[in-house]
Amino acid sequence: MNVWLFGYGSLIWRPDIGYLDRAPARINGWVRRFWQGSHDHRGVPDAPGRVVTLVREAGHCDGMAYLLDADVVAATFDALDVREKNGYQRFDLPIDFLSGETQPGIVYVAPTGNHAYLGPAPLVEMAQQIRRSHGPSGANSDYLFDLADALRSLDVSDEHVFELELAVREMG
Ligand code: SIN
């Protein structure tokens, strides 16, 4: 069976997977937060960066859904399980499309309390951490800026992301 995968972070602008189709989509009842530590991509074990996870809260998260061909589903998830290994798990969540249609889907969520979970912090502290962190995948600030750009290109507004972007940019 073909499977829909929903991306709300790096999977929006750098999916690095093959897909049959993609479409802007939304997860209801979850919001995007820079509350997950990154020890492997945008930080290092002694100095983790901050990346996004989904938190169950009133609201929604807009992102991009990818339709995976049944033939490559297993291999795609094998590769993504490695990429998202630092605390993320696959969740089954309904994906809502702009057309009004809802489809079952898979989303990588780093749940509260996972070993790399950082949780909330004051905006300035999160911005400072993102500004100074670097890892094997690059600067943490580039992750934030690329996400903000990708959301703008989808016409998506996300106050949490845009406030952090402004705070980091103002730090120079
Ligand atoms: C995602 O993009 O859906 C998961 C989080 C990330 O890889 O940034």
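I take a polar contact to be a pair of N or O atoms within 3.5 Å. I apply this cut-off to a predicted model.

**Entry 1: contacts of the ligand**

I looked up the backbone of Gly-9 beside the ligand and found one of its N or O atoms 2.8 Å from a ligand oxygen atom. I then turned to Tyr-8, where a polar backbone atom is 3.0 Å from an oxygen atom of the ligand. For Tyr-143 I noted a side-chain N or O atom at 2.6 Å from a ligand oxygen atom. I also recorded how far the ligand is covered: the protein hides 97% of the 250 Å² of accessible area that the ligand has on its own.

**Entry 2: surroundings of the ligand**

I listed the residues around the ligand, which are Gly-7, Tyr-8, Gly-9, Ser-10, Leu-11, Glu-84, Tyr-88 and Tyr-143. I sorted this shell by residue class and obtained four nonpolar residues, three polar ones and one charged one. I next checked the cavities, and the largest is the space that the ligand takes.

**Entry 3: aromatic pairs**

I searched the whole structure for aromatic pairs and found seven. I examined the pair of Tyr-19 and Tyr-66, whose ring centres are 4.9 Å apart, with 55° between the planes. I entered this pair as tilted. I asked which parts of the chain the pair ties together. Tyr-19 belongs to the loop between helix H1 (10–13) and strand E2 (21–38), while Tyr-66 belongs to strand E3 (residues 49–68), so the pair links parts that are 47 residues apart in sequence.

Definitions and conventions: Residues are numbered from 1 along each chain as its sequence is written. This is a predicted model: local features need pLDDT of at least 70, side-chain atom pairs count only at pLDDT 80 or more; totals for chains, interfaces and linings use all residues. Side-chain values use heavy atoms; hydrogens and water are left out. A residue is near a molecule or strand if one of its heavy atoms lies within 4 Å of it. A polar contact is a pair of N or O atoms within 3.5 Å; within protein, one must be able to donate a hydrogen and the other to accept it, and residues adjacent in sequence count only if both atoms are side-chain atoms. Accessible areas come from the Shrake-Rupley method with a 1.4 Å probe; for residues, only the protein chains shown count as cover. On a 1 Å grid over the protein atoms alone, a cavity is a set of points where a 1.4 Å probe fits but cannot get out, and a pocket is an open set with protein on both sides within 12 Å along at least five of seven lines; lining residues have an atom within 4 Å of a point. A molecule sits in a cavity or pocket if more than half of its atoms lie within 2 Å of its grid points. Ala, Val, Leu, Ile, Met, Phe, Trp, Tyr, Cys and Pro count as nonpolar, Asp, Glu, Lys and Arg as charged, and the others, Gly among them, as polar. Rings of Phe, Tyr and Trp (its six-membered ring) pair if their centres lie within 6.5 Å; planes under 30 degrees apart count as stacked, over 60 as edge-to-face and the rest as tilted. Helices (H or I, at least four residues) and strands (E, at least two) are DSSP runs, numbered from the N terminus.
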